[in-house]
Amino acid sequence: MALQLGDEAPDFTAETTEGKINLYEYLGDGWGVLFSHPKDFTPVCTTELGTVAKIKPEFDKRNVKVIAISVDPLESHKSWLGDIEETQGQAVNFPVIADPDRSVADLYGMIHPNASDTMTVRSVFVIGPDKKIKLTITYPAATGRNFDEILRVLDSLQLTANYQVATPANWKDGEDVIIVPAVDDETAKGKFPRGWKALKPYLRVTPQPNK
Ligand code: BEZ
């Protein structure tokens, strides 16, 4: 069965462009984003890896380690990374897993046979410090991902984890958030000293607590 939210993220050890890596050791006690690429030397993937490399400081700021995977072999990855630096103006600064036997791709269900037998789809898994899966997104091969959206979701996930708030539709960092229903008004008084606006008893809006 496909991995679902709340499942434990399967651990693995794999060859990467930065040497052999064990996933759990690499993530330590922080957050992680594991994302798959259909194939080396393909145009959309090339732009994606360059984009993630450029915004890596944004992941670092959030204590998030990024790691990419493509089912091609290590030698192919190494040669492709040169093209990425040349065309995207940025060297890839995070590991890319080589997965020629598809063991990691299979572990995470990244190959969807009715889309392609040989290439992975564009999967994204956000893994929490507890090693549980917090987010899955699946894009088709021909659509490049929106990594600003992934940063936005990370901000939301971290707010929920740290402050017991949820984020409304189209929320962006700095905007008001919602007190989760599990927090009653009495407890909320202590947790949200700036108060809240109750549009309904279940819809209590408060300023973003860490701003
Ligand atoms: C790409 O990365 O450009 C790509 C990969 C597979 C199918 C279509 C596009």
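What span should the 12 residues of helix α2 have at 1.5 Å a residue, and how far apart are its end C-alpha atoms? The model examined here is a predicted one, in which local features need pLDDT of at least 70 and side-chain atom pairs count only at pLDDT 80 or more, whereas totals for chains, interfaces and linings use all residues. Residues are numbered from 1 along each chain as its sequence is written, and side-chain values use heavy atoms, with hydrogens and water left out.

Helices (H or I, at least four residues) and strands (E, at least two) are DSSP runs, numbered from the N terminus. The expected span of a helix is 1.5 Å times one less than its number of residues. For helix α2, which covers residues 43–54, this gives 16 Å, and the end C-alpha atoms are 17 Å apart, so the two values agree. A residue is called buried when its relative accessible area is under 20%, exposed when it is over 50%, and partly exposed in between (1.4 Å probe, protein chains only). In α2 the buried residues are Cys45, Thr46, Glu48, Leu49, Gly50, Val52 and Ala53. Among the elements that cover these buried residues are β3 (31–37), α3 (56–61), β4 (64–70), α4 (74–88), β6 and α6 (147–163), where contact means heavy atoms within 4.5 Å.

Side chains of opposite charge can pair when their charged atoms come close. A salt bridge is taken here as a side-chain nitrogen of Lys or Arg within 4 Å of a carboxyl oxygen of Asp or Glu, and the structure holds 12 of them. One of these joins Glu48 to Arg122, with the closest N and O atoms 2.9 Å apart. Because Arg122 lies in strand β6 and Glu48 in helix α2, this pair ties together parts that are 74 residues apart in sequence. Both Arg122 and Glu48 are buried.

A further salt bridge is formed between Arg204 and Asp185, whose closest N and O atoms are 2.9 Å apart. Since Arg204 belongs to strand β11 (residues 203–206) and Asp185 to helix α7 (residues 185–191), the parts tied together are 19 residues apart in sequence. Arg204 is buried, with a relative accessible area of 4%, while Asp185, at 41%, counts as partly exposed. Helix α7 also contains Glu186 and Lys189, which are three residues apart and therefore separated by about one helical turn; their salt bridge has its closest N and O atoms 3.1 Å apart. Glu186 is exposed at 56% relative accessible area, and Lys189 is exposed at 52%. In addition, Glu58, Lys61, Arg62 and Asp155 are linked in a network of salt bridges.

Two of the residues in this network, Glu58 and Arg62, are also in contact with Leu151, as are Ile55 and Phe59, when neighbours within four places in sequence are left aside. Leu151 is placed in helix α6 and is buried, with a relative accessible area of 7%. Although Leu151 and Ile55 are 96 residues apart along the chain, their C-alpha atoms are separated by 9.6 Å.

Lys131 is found in the loop between β6 (122–127) and β7 (133–139), and at 11% relative accessibility this residue counts as buried. Not counting residues up to four places away in sequence, Lys131 touches Asp7, Glu8, Ala9, Tyr24, Leu27 and Gly28. Lys131 and Asp7 are 124 residues apart in sequence, yet 8.6 Å apart in space, C-alpha to C-alpha.
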